[in-house]
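Q: Hey, can you walk me through a structure I've got open? I'm a first-year, so plain words please.

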Amino acid sequence: MKPRQISAFIAVLFISFIGLVYVYNYRLTQSIRFDAHPVTDELIKNNESLRSKDTINILIIDGGGIRGLIPLYIIQHIEEQTGKPIDELFDIFSGVSTGAIIATGLNTPPAPIKNNFPENASLQSQSEKIIDIYKNESKYVFSVPWYHKLLTANGFFSPRFSGDRLRDTMEKHYTEKLNFTDLKNYVIIPSLNIHTGQLQLFKNRGEAVKNLPTDTLYQLVTAAASAETLFPPVDFVTTGRDIHQRYYADAGIYANNPTSIVLREITRELPGKNYYVLILGAGTSPLITMETNYRSLKNWGRINWVQDLISNVQRSMDDQQLYTLEIAQSLSPKGKINYNYLNVELINPYVDPFDYKASKKLKVLADRLLKENKTEVDQVISTLKENG
């Protein structure tokens with residue numbers, strides 16, 4: 001074959017590949033669509049049982065992918081030390097992304113989650129069941145065929161992972177029949193309305209239930225966990241005269257730690273109470289600058305600094321929530337607002353949010369968190385026992 005023919009052949013291959021990339025990313029990309037169904041009045045439950053309580057216990061769980069195992073192991077430790085399941089220790093649950101999965105999973109009624117657990121699965125706590133789900137399903141959710149990686153440039157042109165796999169996993173373990181309003185406690189799940197750019201709080205109690213796009217739990221959790229660039233946003237399709245856009249995605253880029261947002265809602269809905277907030281982080285990523293000497297650092301441009309961008313945003317989000325809590329605590333009567341924040345630096349070992357092989361490393365990090373924060377963990381246990 002002559003050089004000119006070789007060049008022409010390579011050009012044809014290149015153009016064909018570019019065409020294939022375009023078709024795959026802009027014509028064959030997946031979408032996640034559910035039918036929107038308004039929630040009827042008879043399904044709405046109120047929070048009257050909380051109005052008689054002096055202290056409202058609130059559990060907040062950060063986002064972080066597979067690293068959600070860290071707060072799950074902490075929850076398991078709290079249950080062991082108090083002798084009670086977590087859904088009996090807290091009145092209100094909230095979480096973003098993986099935290100939304102955990103917050104809802106901890107509050108499911110006794111039998112609706114379908115699993116291939118051993119015969120003694122009925123003896124497992126909800127936290128143990130969710131830990132098993134994370135270990136068993138993460139590979140399926142966070143892996144894709146080789147051609148998807150190639151044609152999307154590993155998520156540069158289209159979502160990195162399959163929305164179908166996330167949706168199927170949520171449906172498998174929550175079932176089609178389980179409703180958001182069926183959950184045991186008051187659960188508030190933040191999700192980002194992509195169409196408006198505003199945060200929407202999915203609430204399973206009170207009149208706010210009427211604002212839900214659906215009451216089907218697995219569909220709402222899929223929307224709340226569909227992280228931008230990783231999964232496609234969820235489209236809740238409306239029909240008839242009520243046609244409007246309802247595109248939802250993970251709220252992590254808006255509020256990976258939703259503490260101040262949730263606390264504001266609770267103080268409005270249940271004023272005049274004492275409020276105890278426990279925030280469980282899913283690990284804080286180290287900064288590259290931590291191990292970079294100044295001689296190298298002084299020459300950094302955009303391509304270098306951008307590496308720490310996401311980590312810095314996460315750290316800033318967590319710090320801002322703690323600052324808000326400290327201000328609220330200082331301006332309130334003594335004992336009105338109390339909180340604990342438990343988190344760990346992801347150093348030795350570091351775990352990527354999508355590393356489905358890292359369950360043992362995450363257990364090591366959770367044990368380190370418990371050891372390094374023993375005094376504060378003991379305080380959490382004591383506070384929960386005292387609050388009853």
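Q: What follows helix H8, and what's its phi like?
A: Right after H8 comes Thr-175, and its phi is positive, near 70 degrees. Keep in mind that this is a predicted model.

Q: OK, and the other end? Which atoms come within 3.2 Å at the start of H8?
A: There, a side-chain oxygen of Ser-162 gets to within 3.2 Å of the backbone nitrogen of Asp-164.

Q: How far apart are the end C-alpha atoms of H8?
A: They're 16 Å apart. That agrees with what you'd work out for residues 163-174, because twelve helix residues at 1.5 Å a residue should span 16 Å.

Q: Which residues of H8 are buried?
A: Gly-163, Leu-166, Thr-169, Met-170, His-173 and Tyr-174. Looking down the axis of H8, those buried residues sit within an arc of 135 degrees, so they line one face of the helix.

Q: Why would residues a few places apart point the same way?
A: An α-helix has 3.6 residues a turn, so residues three or four places apart end up pointing the same way.

Q: What do the buried residues of H8 pack against?
A: Four elements: strand E1 (32-35), plus helices H5 (98-105), H6 (126-141) and H9 (217-225).

Q: Switching helices. How many residues of H3 are buried?
A: Eleven of its 14, so H3 is largely enclosed by the rest of the structure. The buried ones include Leu-69, Tyr-73, Gln-76 and Glu-79.

Q: And how far does H3 reach from its first C-alpha to its last?
A: H3, residues 69-82, reaches 20 Å, close to the 20 Å expected at 1.5 Å a residue. Just after H3, Gly-83 has a positive phi of about 75 degrees.

Q: What about Ser-359, where is it found?
A: Ser-359 is in helix H15, which covers residues 359-372.

Q: Is Ser-359 buried or exposed?
A: Buried, because its relative accessible area is 19% and the cut-off for buried is under 20%.

Q: Which residues does Ser-359 touch?
A: If you skip residues up to four places away in sequence, Ser-359 touches Leu-69, Tyr-73 and Lys-135. Two of those take us back to H3, where Leu-69 and Tyr-73 are both buried.

Q: New topic: where's Leu-212?
A: Leu-212 is in the loop between strand E5 (198-203) and H9. Leu-212 is buried, with a relative accessible area of 2%.

Q: What is Leu-212 in contact with?
A: Leaving out neighbours within four places in sequence, its contacts are His-37, Val-39, Phe-180, Phe-202, Lys-203, Leu-220 and Arg-246. Also, the C-alpha atoms of Leu-212 and Ala-36 are separated by 8.6 Å, although these residues are 176 residues apart along the chain.

Q: And Leu-28, buried or exposed?
A: Leu-28 counts as exposed, at 56% relative accessibility. You'll find Leu-28 in the loop between helix H1 (3-26) and E1. Its C-alpha is 45 Å from that of Glu-269, and the two are 241 residues apart along the chain.

Q: Last thing, pockets. How much space lies in the second largest pocket?
A: About 150 Å³. Its lining includes Thr-284, Arg-315, Tyr-341 and Asn-373.

Q: Which elements give two or more residues to that lining?
A: Helix H14 (309-331) and strand E9 (337-342). H14 gives the most, with three residues.

Terms used: Residues are numbered from 1 along each chain as its sequence is written. This is a predicted model: local features need pLDDT of at least 70, side-chain atom pairs count only at pLDDT 80 or more; totals for chains, interfaces and linings use all residues. Side-chain values use heavy atoms; hydrogens and water are left out. The expected span of a helix is 1.5 Å times one less than its number of residues. Buried means under 20% relative accessible area, exposed over 50%, partly exposed in between (1.4 Å probe, protein chains only). The arc is that of the directions from the helix axis to the C-beta atoms. Contact means heavy atoms within 4.5 Å. A polar contact is a pair of N or O atoms within 3.5 Å; within protein, one must be able to donate a hydrogen and the other to accept it, and residues adjacent in sequence count only if both atoms are side-chain atoms. On a 1 Å grid over the protein atoms alone, a cavity is a set of points where a 1.4 Å probe fits but cannot get out, and a pocket is an open set with protein on both sides within 12 Å along at least five of seven lines; lining residues have an atom within 4 Å of a point. Grid points are joined across faces, edges and corners, and a volume is the space filled by probe spheres set on the points.
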